[in-house]
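Reader: I'm new to this one and would like to find my way around. Let's take it piece by piece, please.

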Amino acid sequence: MSRTVTLVLVDADGVVRGTLPPFEARMPYWQEASDVVAAAKESFGLDVTVLRLLSHERPAPRGGAVTYLAEAAVLPAELGPAPELDLSPHPRRAAYAEPGGPAETLRWAASALAEAGRPAHTVAHQQRTWNLSAIWRLDTPAGPVWLKQVPVFFAHEAAVLRHLGRGPHASLVPSLIAGAHGRMLLDHLPGDDLYGAGPDVRDAIAGDLHAIQLTAATELDTLRALGVPDRRGSALVRFCADVVAAHPEHTDDGVRALVDGLPARLAEVAACGLPDTLVHGDLHPGNARGDAQRRVILDWGDCVLGHPAFDILRLTEQVPADDERLLLDAWVRRWRAAVPGSDPARAVELLRPVVALRNAAAYAGFLAAIEPTEHPYHADDVPFWLAQAAEAARA
């Protein structure tokens, strides 16, 4: 599956100059910019920076015909007609999605590298841009460095990485060179992103996070002061109740009963004895990178304060039943050893139906925080997870 891409070009002043003819991009994922940039260079000799999604043929990612706003410092002599666009500022638009925004971020990166005593970057390669992040690879004489920028609702990520990087498990998280205002410079990590990892690697990832969480359980006040959202107890109840109240068309009596029973359910979870801690929030294998010797857990923007069972339930999604059982058994053993007398297995079973509600609420939060043209990335996620919650409630 590929994308058919149309680029509406603006100049450095943000003035729409015209449209390039449609071309094919290799990867179907709408947020991937590297292949769009490469194809524009190969087909038209243009250096472009993708800013944001404008329109799309399919109702949800991925593939199909998509149109982006892109910036080019040098424009071709001939372009297709400029469409009518409203380019006025939007209060929920990410800074990196505005004309001039990426250039400002790259200037920050150059200054931060210099301040850190690192070699200046020679070439910047745009990798990805969408409402959750913009990512660049910066080639330097000493090797690549990664530049990441996130919207305001993920702005605590740099502070969390800085905090974890000063602790006893610094080797398990990306090394932060600099971070400010949602921007981060990160050292390159060897190895591969661990998408599709088998049970042994997943269990190793779970073990790595367990070590982090044991320490983090003693640092909740510090983490909250760094801006990590609180999803414990009554805060989690409100978080889930709000999404159900806002989407009555996607809820039924079972889901409402599940929400009504959350305080009692969470009290039972607390009685299982495990501490609240730093929850990664999106612990799938693709958010870890490494090789046979070392793994690093990436992408901490979704992290919250909450129950550690949420992470193992994410890590065991869509795995064969036998593998799930092995992973859960290993997770339970770790926590029983760390907290004698606790009942991690019961905590997992109590929280299974809550996962879908929590996910629906998280995606609803994204939708409330991003501009409408970016909604297609997440619009289907809220009804999907509310349907999963209904199924869990029936079970």
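Reader: Which residue in β13 is the bridge partner of Asp192?

Author: First, a caution: this is a predicted model, where local features need pLDDT of at least 70, side-chain atom pairs count only at pLDDT 80 or more, and totals for chains, interfaces and linings use all residues. Numbering starts from 1 along each chain as its sequence is written, and side-chain values use heavy atoms, with hydrogens and water left out. Strands (E, at least two residues) and helices (H or I, at least four) are DSSP runs, numbered from the N terminus, and two bridges join β11 to β13 (residues 288-290), with the pair running antiparallel. In β13, then, look across from Asp192 and you land on Gly290.

Reader: Why is one side of β11 and of β14 left without a neighbour in the sheet?

Author: Their sheet is an open one of three strands with antiparallel pairing, in the order β11-β13-β14; two strands pair if DSSP finds at least two bridges between them. One side of β11 (192-193) and of β14 (295-297) stays free because each has a single partner strand, standing as they do at the edges.

Reader: At what angle to β14 does helix α4 run?

Author: Helix α4 covers residues 199-216 and lies across β13 and β14. Axes here are lines fitted to C-alpha atoms, for helices over the stretch in contact, and angles run from 0 to 180 degrees between N-to-C directions. On that basis, α4 makes an angle with β14 of about 60 degrees.

Reader: Is Gln126 buried or exposed?

Author: Find Gln126 in strand β6, residues 123-130. Buried means under 20% relative accessible area and exposed over 50%, with partly exposed in between (1.4 Å probe, protein chains only). Gln126 has a relative accessible area of 7%, so it counts as buried.

Reader: Which residue's backbone oxygen does the side chain of Gln126 reach?

Author: Gln126 has plenty of company: not counting residues up to four places away in sequence, it touches several others, including Ala33, Val48, Ile135 and Trp136, where contact means heavy atoms within 4.5 Å. Its side chain comes to 2.8 Å from one backbone oxygen, that of Val50.

Reader: Which strands stand at the edges of the five-stranded sheet?

Author: This sheet is open, with antiparallel pairing and the order β6-β7-β8-β10-β9. Two of its strands have a single partner each, so one side of each is left without a neighbour in the sheet: β6 and β9 (176-180).

Reader: What direction does α3 make with that of β9?

Author: Start with β9 and β10 (residues 183-187), which run antiparallel and share four bridges; Leu176 stands opposite Leu186 there. Helix α3 (residues 157-165) packs on this sheet, touching β8 (143-149), β9 and β10, and its angle to β9 is about 145 degrees.

Reader: Which residue in β5 stands opposite Val8?

Author: Strand β5 (residues 64-71) is mostly covered, with seven of its eight residues buried. Strand β1 (residues 3-10) runs parallel to β5 and is joined to it by eight bridges, while β4 (residues 49-56) runs antiparallel to β5 through six bridges. Arg52 stands opposite Leu69, and the residue facing Val8 is also Leu69.

Reader: Within what arc do the buried residues of α8 fall?

Author: In α8 (residues 262-271), Leu262, Leu266 and Val269 are buried. Seen down the axis, they line one face of the helix, because the arc they fall within is 50 degrees. What covers them includes α6, α7 (253-260) and α11 (344-369). Taking the directions from the helix axis to the C-beta atoms, that arc is 50 degrees.

Reader: How far apart in space are Phe239 and Ala360?

Author: Phe239 sits in helix α6 (residues 233-246) and counts as buried, at 18% relative accessibility. Leaving aside neighbours within four places in sequence, Phe239 is in contact with Arg231, Arg358, Ala361 and Ala362. Phe239 and Ala360 are 121 residues apart in sequence, but C-alpha to C-alpha they are apart by 9.7 Å.

Reader: Zooming out, what is the radius of gyration of the chain?

Author: The chain comes to twelve helices and 15 strands, and 49% of its 395 residues count as buried. The globule rule is 2.2 Å times the number of residues to the power 0.38, with the radius taken over C-alpha atoms. A compact globule of 395 residues would have a radius near 21 Å, so the value agrees for this chain, at 22 Å.

Note on methods
A polar contact is a pair of N or O atoms within 3.5 Å; within protein, one must be able to donate a hydrogen and the other to accept it, and residues adjacent in sequence count only if both atoms are side-chain atoms.
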